[in-house]
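Colleague: Hey, have you got a minute to walk me through this one? I'd like to start with a single residue and work outwards.

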Amino acid sequence: MPTKAVIRQQTIQALNTMPAALRQRASADLYRQLFALPAWQNAKRVATTISGGFELATQPIIDQAHAAGKTVAVPATLPHRQMAFHVVDRQTTFATSSFGLQEPVNGAIIEPAAFDLIVVPGLVFADTGERLGFGGGYYDRYLPQTTGFKVALALPAQQTRQPSWSVEPFDVLLDAVLKAPVE
């Protein structure tokens, strides 16, 4: 069984070398699937991230949520591998975190239990709901505090039928893994 570190490296490499046209088609398909979900349509408060580099772009998700009148929040990292999700609007200002990601520095904080839907990031997602994240444990600490619908959007390189890594007892299963067609 490959280590989590090896799986992470292989997935990042595959995402970095994904042809732009395929990425664009797969991303559009994933957005369509997300916006068609009843959990999305009924959600008033949505959590997502500010994507970086090789990740699926989240700005279209933020834009669509705003267009639909939803409240959107994105995370800022805190000490002890904790996160706080700040509302994103026109007044939000961002700073670059130690991870090189954009994080909000202002905006109201939404408590974990108040989210209706959370778009959960990660590197690999199993059909059975397990996820392999980036290794920091931030979402492993945050997700148990939530009751919102937890969904991941998986590009082709991020999909697997079942975990090929060791699943920990504290791992929280996703409610849905949306998959772009593999070409």
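Modeller: Sure. This is a predicted model. Let's start with T11, which has a relative accessible area of 6% and is therefore buried, the cut-off being under 20%.

Colleague: Okay, and where does T11 sit?

Modeller: T11 is part of helix α1, which covers residues 4-16.

Colleague: What is T11 in contact with, leaving aside its neighbours within four places in sequence?

Modeller: With that stretch left aside, T11 is in contact with L123, V124, A157 and Q158.

Colleague: Which other residues of α1 are buried?

Modeller: Besides T11, I7, R8 and L15 are buried in α1. Looking down the axis of α1, you find its buried residues within an arc of 100°, so they line one face of the helix.

Colleague: Why would residues three or four places apart point the same way?

Modeller: An α-helix has 3.6 residues a turn, so residues spaced like that point the same way.

Colleague: And what about the other side of α1, buried or exposed?

Modeller: Over there Q9, Q10, Q13 and N16 are exposed. As for the buried residues of α1, their cover includes α2 (20-36), β8 (124-126) and β9 (131-132).

Colleague: Switching topic: how do β1 and β2 pair, parallel or antiparallel?

Modeller: Strand β1 (residues 45-47) and strand β2 (residues 71-78) are parallel, paired over three bridges. A47 is opposite A73 in β2. Add helix α4 (residues 59-67), and β1, α4 and β2 make a right-handed β-α-β unit.

Colleague: And β2 with β3?

Modeller: That pairing is antiparallel, with six bridges between β2 and strand β3 (residues 82-87). The two strands form a hairpin with three residues between them, and H80 in the turn has a positive phi of about 60°.

Colleague: Last topic, salt bridges. How many are there?

Modeller: The count comes to six salt bridges. One of them joins E168 and K4, with the closest N and O atoms 3.5 Å apart. E168 is in the loop between β11 (159-160) and β12 (176-179) while K4 is in helix α1, so the pair ties together parts that are 164 residues apart in sequence.

Colleague: Got another one?

Modeller: Yes, D127 and K179 meet in a salt bridge at 3.1 Å, N to O. That pair links distant parts of the chain, with D127 in the loop between β8 and β9 and K179 in strand β12, 52 residues apart.

Colleague: How exposed are D127 and K179?

Modeller: D127 is partly exposed at a relative accessible area of 35%, and K179 is partly exposed at 33%.

Conventions: Residues are numbered from 1 along each chain as its sequence is written. This is a predicted model: local features need pLDDT of at least 70, side-chain atom pairs count only at pLDDT 80 or more; totals for chains, interfaces and linings use all residues. Side-chain values use heavy atoms; hydrogens and water are left out. Helices (H or I, at least four residues) and strands (E, at least two) are DSSP runs, numbered from the N terminus. Buried means under 20% relative accessible area, exposed over 50%, partly exposed in between (1.4 Å probe, protein chains only). Contact means heavy atoms within 4.5 Å. The arc is that of the directions from the helix axis to the C-beta atoms. Two strands pair if DSSP finds at least two bridges between them. A crossover is right-handed if, with the strands pointing away from the viewer, the path from the first strand over the helix to the second runs clockwise. A salt bridge is a side-chain nitrogen of Lys or Arg within 4 Å of a carboxyl oxygen of Asp or Glu.
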